[in-house]
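Student: I should like to learn how to read strands and pockets in a model. Where should one begin?

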Amino acid sequence: MKTVLITGATAGFGEAAAKRFIKEGWQVIGTGRRAERLSALQAELGDNFFPLAFDIRDFKAVESAISSLPEQWQKIDTLVNNAGLALGLNKFDEGDISDWETMIDTNIKGLLYVTKTVLAKFIKQEQGHVINLGSTAGTYPYPGSNVYGSTKAFVNMFSLELRADITGKNIRVTCIEPGYCETEFAVVRFKGDVDKASNFYQGMEPLTADDIAESIYWSASLPPHMNVNKLELMPTRQTFAGFNVERKN
């Protein structure tokens, strides 16, 4: 039986991915900060789901949690670095420094901490797959995305750099980059303002968490000699950012 470790499994892409892998007979280690939500998922998904509560922003907590896994959960085949967030949609000069630090600590540093810890297992067992959740915001700029988009650009480049570093070690690296997708992402971005979050998707059909979970599982289920470097996904009604020209009257 294969095992996948999914960060941020308490909601959105992570929860949907956990259910998708369980459906296919995998063992799932679901991580997150909300221990009560992880316990509820274990009750729902059964013994093939193992809850592991810790904060990915704390490297010592990451190391301690992963090293404490029971024997049957020690061999991890796939890592899904899903945990991440956007905070605010302000122009850079109006941005909140604490928001920037939270996004950097989670989207960049947390991803690095978990990857470093699990990668040691992959190298030892000469097999593994790192799947990172990036974003189209890391490729196409839009007003207010400044720091968030930059953290996701990092995820894209880090995925490529990691793949270059581990050439020959039989370890796959994939970056999945979703566009507009309706989860609690916008609610978090707008700090609990449900109406504002709902308006973010008004008049279009966004992707769903299940759509992204399907792409994650598909990437992981391909034959081991195949590596998906990057997979970019958008709703049909979303397209690339256009040029923005400010004209004088």
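Tutor: Begin with burial: a residue counts as buried when its relative accessible area is under 20%. Please bear in mind that this is a predicted model.

Student: How many residues of strand 5 are buried?

Tutor: Strand 5 is mostly covered, with six of its six residues buried.

Student: Which way do the residues of strand 5 point?

Tutor: In a regular strand, side chains alternate between the two faces of the sheet. Here, Gly 128, Val 130 and Asn 132 point one way, while His 129, Ile 131 and Leu 133 point the other way.

Student: Which strands pair with strand 5?

Tutor: Strand 4 (residues 78-81) pairs with strand 5 in the parallel sense over four bridges, and Asn 81 stands opposite Asn 132. Strand 6 (residues 171-178) also runs parallel to strand 5, joined by six bridges; there, Ile 176 is the bridge partner of Leu 133. From strand 5 the chain crosses through helix 5 to strand 6 in a right-handed β-α-β crossover. Strand 4, helix 4 and strand 5 likewise make a right-handed β-α-β unit.

Student: How is empty space found, and what is the volume of the largest pocket?

Tutor: Rolling a probe the size of a water molecule over the atoms shows where empty space is left. The largest pocket holds about 1,100 Å³. Its lining comprises 47 residues, with Asn 82, Gly 84, Leu 85, Ala 86 and Phe 185 nearest the centre. Among the elements that give two or more residues to this lining are helix 4 and helix 5. By class, the lining has 23 nonpolar, 17 polar and seven charged residues.

Technical notes
Residues numbered from 1 in each chain as written. Predicted model: local features only at pLDDT ≥ 70, side-chain atom pairs only at ≥ 80, totals over all residues. Heavy atoms only, no water. 1 Å grid on protein atoms, 1.4 Å probe; cavity = no way out; pocket = protein on both sides within 12 Å on 5 of 7 lines; lining within 4 Å. Points joined across faces, edges and corners; volume = space filled by probe spheres on them. Nonpolar A, V, L, I, M, F, W, Y, C, P; charged D, E, K, R; others polar. Buried < 20%, exposed > 50% of the residue type's maximum accessible area, 1.4 Å probe, protein only. Pairing = 2+ DSSP bridges. Right-handed = clockwise from strand over helix to strand, strands pointing away.
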